[in-house]
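User: I would like to learn how to read a ligand site and a sheet, with the cut-offs stated as we go.

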Amino acid sequence: MTEGKNIPNSSADVPFRSKELRKQSLIQHTGLVGVIDEGTKTIGFSIYTTPDFNEIAAHRVELSVISPQDGWYEQDPLEIMASINKCAEEAIKQLPEHGFSSSDIVSVGITNQRETTIVWDAVTGKPLYNAIVWKDIRTSSTVEKIVAKVQDPNHFRNITGLPISTYFSALKIRWLKDNVPEVRQAIRGQRCKAGTVDSWIVWNLTNGALHITDVTNASRTLLMNLETQNWDPVLLKTFAIKEDMLPTIRSCSEIFGKITSERSALRGMTLSGIMGNQQASLLGQMCVKPGQTKNTYRSGCFLLCNTGDKPVFSRHGLLTTVAYKLGPQAPTIYAIEGAVSVAGHALSWLQNKMRILPDSRDAEKYAEMVPTSGDVYFVPAFTGLYAPYWRQNARGIIIGLTQFTRKNHIVRAALESICFQTRDILECMHQECGYEINKLHADGKLTTNNLLMQLQADTIGMPVFRSQLMDSTAFGAAMCAAQAEGIDLCKFEPEKRYYENVHYDTFLATTTDVERKERYGKWKRAVERSLGWVIKQKKTREHTEENYRMLSSLPASIFLISSFAMLVHSFAATAQ
Ligand SMILES: Nc1ncnc2c1ncn2[C@@H]1O[C@H](COP(=O)(O)OP(=O)(O)O)[C@@H](O)[C@H]1O
Ligand SMILES: O=P(O)(O)OC[C@H](O)CO
């Protein structure tokens, strides 16, 4: 564990890849690569030059979330496609000012929020329900039932690398099958297709010609066998899912096919990369050697540690996942992952629900107004806790309040909660892999918060390297798409710094071992108190199939109004 003085900015004058650098570049460009970056909150399309990977054009839009009841998160699959088309169109419009046109785009890659599940009708191409988002916990009772039956939440861990949890796609597909009559009907008629968001995007962009996914996304479904990298018959049987509903599993980087959708400005271009967004940012952060670790700070946090060509199976609740497979014949590289379900989302909550922050971007300013959190600890277990606790029955707490507590202390405690949760996972990774993790690569929107980065270094006692390429995700996906055989826009050689425009800011720890131990001990005590709060999952009216049938038989407007009323009700309840 390193200690030292804070060196905030090593290259602060270059906030992100500068236009000047691009102009001076002597590199002979080999073509452009476009990336669809479909995140939970934001959808974007970015265009990079190759082989130097400068982002020369981008457009991003926010994606709405539908939350019909507590713990349910849905998104509109049609809005996802419309947003992708909009972003591609707008980004392409920016090309002429850089001396390029859309015909220079040689290849397109996709990177997406993982686990989120969509089912659609293969004949009409229409979604049969909203996308069920990864953090949705409507399947809690099914998880409980399955775990009770197999007697162990880790029953499938040696096959999939994952515990049985609401997080993964298998549970969501099963729920859709059990609760949505249209889905059952489509299954009976053999017209039901299911997949993660990448599959939905590819299906739409190719007018239904391709139903595929890549091995990183497939490894998050709880249906893929990590060894064979095929859908596993035992798991398909357990969740009663037919293989013909599921996409074909491919590598992350190969020529998949042409974009044919007349709605897309990308029509005629070649699709050659697909990666789950957290794996893409691992690649984008150049964490290509065993032991190299990154954390992406967004609504949630996702820490991945590269474990090389052998999967490491966790004993402490981390996930084993495919990191990347850069071609059909390329070796499969694995990672061990810990996810923090509520990171930036805690700030959004303070902003939108508690209204003690005007904007989550003000968190730094507010937290800096107090020297410490005043011994306040905030465990944002809104939907339970993920790794290493895996406790669905935990709920959020703010503890240590006194008459002197101000909102600034709570904001600071929210930032610290992100750091403590990160430390929880790093400690586990160290125990699981035995690697001496001695630095942390950081990216994601939240990393613009300097105080958060400093608190992170202070909490873990090791340097934090913040990528100035805030979007390592899209960057990783661009490299993946650009190096596909037959495209050959670049060779993936992380040692050769084609990517020399990637700058890092370094934050060094300023705390002592004793201070860190004391504060972390208190965090652990706070977590203890948050566990087991939910005694029994309440079966609300809306959970029942009968009620779903009733709602779906109502005219859409009434359904919308009733959903809106529920939403208003929940807002009102939280505002009180
Ligand atoms: N400048 C910022 N400072 C602090 N928090 C931020 C900042 N920008 C975004 N956030 C937080 O990051 C989260 C959104 O990150 P984003 O990358 O857009 O979303 P997602 O992870 O959902 O795709 C929000 O929860 C917000 O609170
Ligand atoms: O879109 P993000 O950044 O919230 O990422 C979501 C993850 O892929 C879920 O596992």
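The dialogue below takes the ligand site and then the sheet.

Analyst: This is a predicted model, in which local features need pLDDT of at least 70 and side-chain atom pairs count only at pLDDT 80 or more, while totals for chains, interfaces and linings use all residues. Residues are numbered from 1 along each chain as its sequence is written, chains are lettered from A and ligands numbered from 1 in the order in which they are written, and side-chain values use heavy atoms, with hydrogens and water left out.

User: Which residues are around ligand 2?

Analyst: A residue is near a molecule if one of its heavy atoms lies within 4 Å of it. Around ligand 2 these are G39, T40, Q113, R114, E115, W134, Y167, N277, Q278, R298 and F302.

User: Which side chains have an N or O atom paired with an oxygen atom of ligand 2?

Analyst: A polar contact with a ligand is a pair of N or O atoms within 3.5 Å. Here an oxygen atom of ligand 2 lies 2.7 Å from such an atom in the side chain of N277, with a distance of 3.0 Å for R114 and 3.4 Å for Q278. The protein covers 99% of the 310 Å² of accessible area that ligand 2 has on its own (Shrake-Rupley method, 1.4 Å probe).

User: How is the sheet of seven strands ordered?

Analyst: Strands of a sheet pair through backbone hydrogen bonds, either parallel or antiparallel. Strands are DSSP runs (E, at least two residues), numbered from the N terminus, and two of them pair if DSSP finds at least two bridges between them. This open sheet has mixed pairing and the order β15-β16-β14-β13-β19-β20-β21, with β15 (319–324) and β21 (504–507) as edge strands, each pairing on one side only. Within the sheet, three bridges join β13 (residues 293–297) to the parallel strand β19 (residues 440–443), and N295 stands opposite A442 in β19.

Terms used. Polar contact = N/O pair within 3.5 Å; in protein donor to acceptor, adjacent residues only side chain to side chain. Helix = DSSP H or I, 4+ residues; strand = E, 2+ residues; numbered from the N terminus.
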